[in-house]
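Hi there,

Here is the structure we talked about handing over. Please have it open as you read, and my notes on what turned up follow below.

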Amino acid sequence: MQQRKLGNQGLTVSELGLGCMGMSEFYGKGDETESIATIHRALELGVTFLDTADMYGRGENEELVGRAIAQHREQVIIATKFGIQRGEDNSFRGISGSPEYVRSACEASLKRLNTDYIDLYYQHRVDPKVPIEETVGAMAELVQQGKVRYIGLSEASAATIRRAAKVHPISALQSEYSLWSRDIEDEIIPTIAKLGIGLVAYSPLGRGFLSGTVTKVDDLAADDYRRNSPRFQGENFDKNLQLVERVKEIASSKGVTPGQLALAWLLAKSDEIIPIPGTKRRTYLEENVATTEIKLTEGELQNLEEVAPKNSVMGDRYSDMSAVNG
């Protein structure tokens, strides 16, 4: 497993990360034993960049990750996030970026992760009610106190990123990016490149669509949140499935899976991009890791660009886009 620099502040991570969200929520019933085995297998394979957040399972995901890495802390780069508030009933209560909340959220995450420091701490969503300068100022204090090593933003606009970077260096931006979602290419990617900020690409497999394993909505568990995603509904689903079929054809001709092809495309785009495909099973983890050995020719990259051009996917990424790119 190769290493890549994430931003220009000194943070180095494995070229492929592991998204842990689905181990606790959103993608059907979890299995803690298999999830922890998956994290341990990831470490064996050199995937040492683990991504979680305080809102995944309302803290349960951080606790799971903390248990899994208890004997491996120095080997792991932990990224977690704050900002999305949830109630006792799991309802979403809004977004907070107040300095007081930043401090309290960090303390709670440290406790759940059973660690003295967080390697990369993101603001999960930008709070429109609090100036980004105040939020990042509080995050900078955590760095000064040794509780956080590097800071990042998630789903922030170019203007917000520029303002944030004037307060404290930003090491990473986490945003959705894949063959399926390419809207950050126009303004956000050039902005972070200019500022020396790395990109962590979440949902690099299009929430599983690009894996080729979802061919109908009934393939999803009854409580799978994707059933409420605009891209997985009605006519949008049918149109998007046609795009996946074209990706499948290219993958088949190369002797790889469509998911591997989608990840290889991202890895080839830039050394500044770290995809974090999420999985809760060792089988899919090993398939994803094998991607790092796949090399795409210029012709294959061009072919993929043509079959999945920007804005070719039907439907919004979320049913409510109001909190995205703040």
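Let me begin in the middle of the sheet, where serine 154 stands opposite glutamine 174 in β10. Please keep in mind throughout that this is a predicted model.

**The sheet**

Serine 154 and glutamine 174 belong to a wider pattern: β9 and β10 run parallel and are joined by three bridges. Strand β10 covers residues 172-176, and five of its five residues are buried. Which residues of β10 lie on each side? Ala172, Gln174 and Glu176 are on one side, with Leu173 and Ser175 on the other, and all of them are buried, so that both faces of the strand are covered. In general, side chains in a regular strand alternate between the two faces of the sheet.

Stepping back, the sheet is open and has eight strands with parallel pairing, in the order β3-β4-β5-β8-β9-β10-β11-β12. Its edges are β3 (18-19) and β12 (273-275), each of which pairs on one side only. Further along, β4 (residues 49-51) and β5 (residues 77-82) run parallel and are linked by three bridges. Within that pair, leucine 50 has isoleucine 78 of β5 as its bridge partner. Helix α3 (residues 99-113) packs on the sheet, where the helix touches β5, β8 (118-123) and β9 (148-154). The direction of α3 makes about 140 degrees with that of β8.

**A pocket lined partly by α3**

You may want to look at the second largest pocket, whose volume is about 250 Å³. Its lining consists of Asp54, Met55, Arg58, Gly59, Ile84, Gln85, Arg86, Tyr101, Ser104, Ala105, Ala108 and Arg112. Two elements, β6 (84-86) and α3, each give two or more residues to this lining. Which of them gives the most? That is α3, with five residues.

One of the lining residues, Arg58, has a backbone feature worth a look. Its phi is near 50 degrees, a positive value in a residue other than glycine. Arginine 58 sits in the loop between β4 and α2 (60-68). Is arginine 58 buried or partly exposed? Its relative accessibility is 33%, so arginine 58 counts as partly exposed.

**The loop after β9**

Glutamate 155 also has a positive phi, near 55 degrees, and is likewise not a glycine. This residue is found in the loop between β9 and α5. Because its relative accessibility is 1%, glutamate 155 counts as buried.

Serine 157 lies in that loop between β9 and α5 (158-167) as well. With a relative accessibility of 17%, serine 157 counts as buried because the cut-off is under 20%. The side chain of serine 157 makes a polar contact of 3.1 Å with that of threonine 160.

**Serine 96**

Last, a residue in the loop between β7 (92-95) and α3: serine 96. Serine 96 has a relative accessible area of 10%, and is therefore buried. What does serine 96 contact, leaving aside neighbours within four places in sequence? Its contacts are Phe82, Gly83, Gln85, Tyr101 and Asp127. Among these, Gln85 and Tyr101 also appear in the lining of the second largest pocket. As for long distances, serine 96 and asparagine 240 are 144 residues apart in sequence and 34 Å apart in space, C-alpha to C-alpha.

Happy browsing, and best wishes!

How values were computed
Residues are numbered from 1 along each chain as its sequence is written. This is a predicted model: local features need pLDDT of at least 70, side-chain atom pairs count only at pLDDT 80 or more; totals for chains, interfaces and linings use all residues. Side-chain values use heavy atoms; hydrogens and water are left out. Two strands pair if DSSP finds at least two bridges between them. Helices (H or I, at least four residues) and strands (E, at least two) are DSSP runs, numbered from the N terminus. Contact means heavy atoms within 4.5 Å. Axes are lines fitted to C-alpha atoms, for helices over the stretch in contact, and angles run from 0 to 180 degrees between N-to-C directions. Buried means under 20% relative accessible area, exposed over 50%, partly exposed in between (1.4 Å probe, protein chains only). A polar contact is a pair of N or O atoms within 3.5 Å; within protein, one must be able to donate a hydrogen and the other to accept it, and residues adjacent in sequence count only if both atoms are side-chain atoms. On a 1 Å grid over the protein atoms alone, a cavity is a set of points where a 1.4 Å probe fits but cannot get out, and a pocket is an open set with protein on both sides within 12 Å along at least five of seven lines; lining residues have an atom within 4 Å of a point. Grid points are joined across faces, edges and corners, and a volume is the space filled by probe spheres set on the points.
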